[in-house]
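This report looks at cysteine pairing and at backbone geometry that departs from the usual pattern. The model is shown first, and the discussion follows.

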Amino acid sequence: MTPIDLRSDTVTLPTEAMKQAMIEAPLGDDVYGEDPTVNALEEKCASLLNKESAVFAPTGTQSNLIALMAHCERGDEYIVGQQAHTYKYEGGGAAILGSIQPQPLEFSTAGVIPLEKISAAIKPADSHFANTKLICLENTHHGQCLPLNYPGQVKALCYEQGLSLHLDGARLFNAVVKQQKSLAELTQSFDSVSLCLSKGLGAPAGSVLVGSKEIITRARRWRKVLGGGMRQSGMLAAAGIYALDNNVERLETDHQHALQLKQALLDLPKLEVAEYSAETNMVFVTVPESSIEQLNSEAKKRNIILPEGHQLRLVMHLNITQNDLTKVIDLFTKLYG
């Protein structure tokens, strides 16, 4: 029996139709620029975002890293959220491999760094300081979408200070569906955007970095340096194309599942459900620490995989059916009802 895995939307498995598209993909050597399927994916993403160019990378971590390295030189600095993925969860790659100094700042609300904090953190032109070159935002963050006017406000500050603006769009497609805006509308303020194909869209791997020709040319070189030149990678790119063509609108189902789960858990007084849960595909719930062992034992009996700890992020994705959701709700109701 297929497990009901709530840890992340990265656990999704390709459908049979996606696998068939991968099998049938025409291939070539992508490092030479000769894989027609990779080229088609890159052109498609650049067009969707109304940007000049794009490059396919094996992971979102590498896509973000090559963006940072394309924007910044050794000893430069990027401003980023304290809890943002590009700072907290990507192994310190910018500092280790790019010699780029992060300047983390606390979010006021999910994904939003106050403009006055950003302005105050920009270093003056002085040899004592790292050169501030880039601001990095994230959409979505903890399942919450950036306010529609916020990127434009940050871009205005960037323009005033001569900085660039990058977006970690790992779950940007969830924002597209939730806010009913196009990719181009949500990314018009950004100089570069990383799009992940292996989360809610269900591809087995791959991200695409989109931006100007100049940025992507530099990023493509760093992709090679970091070992991201995958040769006949059109099979993975084909999964990405299939995902873009078939799996974006269906994200609404994940959002509805998250809302159902939130509403059910709110009826259980022993649980604490974060107010911002279910804006898109995530529900954040705190369970009593004393119940963790029992919860995990009961979940295992039902073939349900939960995150570790007592503060749980429960993530809906394309492999979670309505029947699966019912089983999850029954698990929590039995223990905490």
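In this predicted model, the sulfur of C45 has its closest cysteine sulfur in C196, at 11 Å, which is too far for a bond. Taken from the other side, the closest cysteine sulfur to that of C196 is the one in C45, again at 11 Å and too far for a bond. Because a disulfide requires two cysteine sulfur atoms within 2.5 Å, this pair does not qualify at 11 Å, and the structure holds 0 disulfides. C45 is buried, with a relative accessible area of 1%, and C196 is likewise buried, at 5%.

The backbone offers a second topic. Most residues other than glycine have a negative phi, and most peptide bonds are trans. Against that background, the peptide bond from N139 to T140 is cis, with omega near 0°, and T140 is placed in the loop between β5 (131–138) and α7 (150–161). Two residues that are not glycine have a positive phi, namely R231 and N303, and their values are set out below.

| Residue | Phi | Loop | Relative accessible area |
|---|---|---|---|
| R231 | about 60° | between α10 (213–225) and α11 (234–246) | 33%, partly exposed |
| N303 | about 65° | between α13 and β11 (304–305) | 23%, partly exposed |

Helix α13 (residues 292–301) also contains S297, which is partly exposed, with a relative accessible area of 38%. Computed along the chain, S297 and T140 are separated by 157 residues, while their C-alpha atoms are 32 Å apart in space.

Notes:
Residues are numbered from 1 along each chain as its sequence is written. This is a predicted model: local features need pLDDT of at least 70, side-chain atom pairs count only at pLDDT 80 or more; totals for chains, interfaces and linings use all residues. Side-chain values use heavy atoms; hydrogens and water are left out. Helices (H or I, at least four residues) and strands (E, at least two) are DSSP runs, numbered from the N terminus. Buried means under 20% relative accessible area, exposed over 50%, partly exposed in between (1.4 Å probe, protein chains only).
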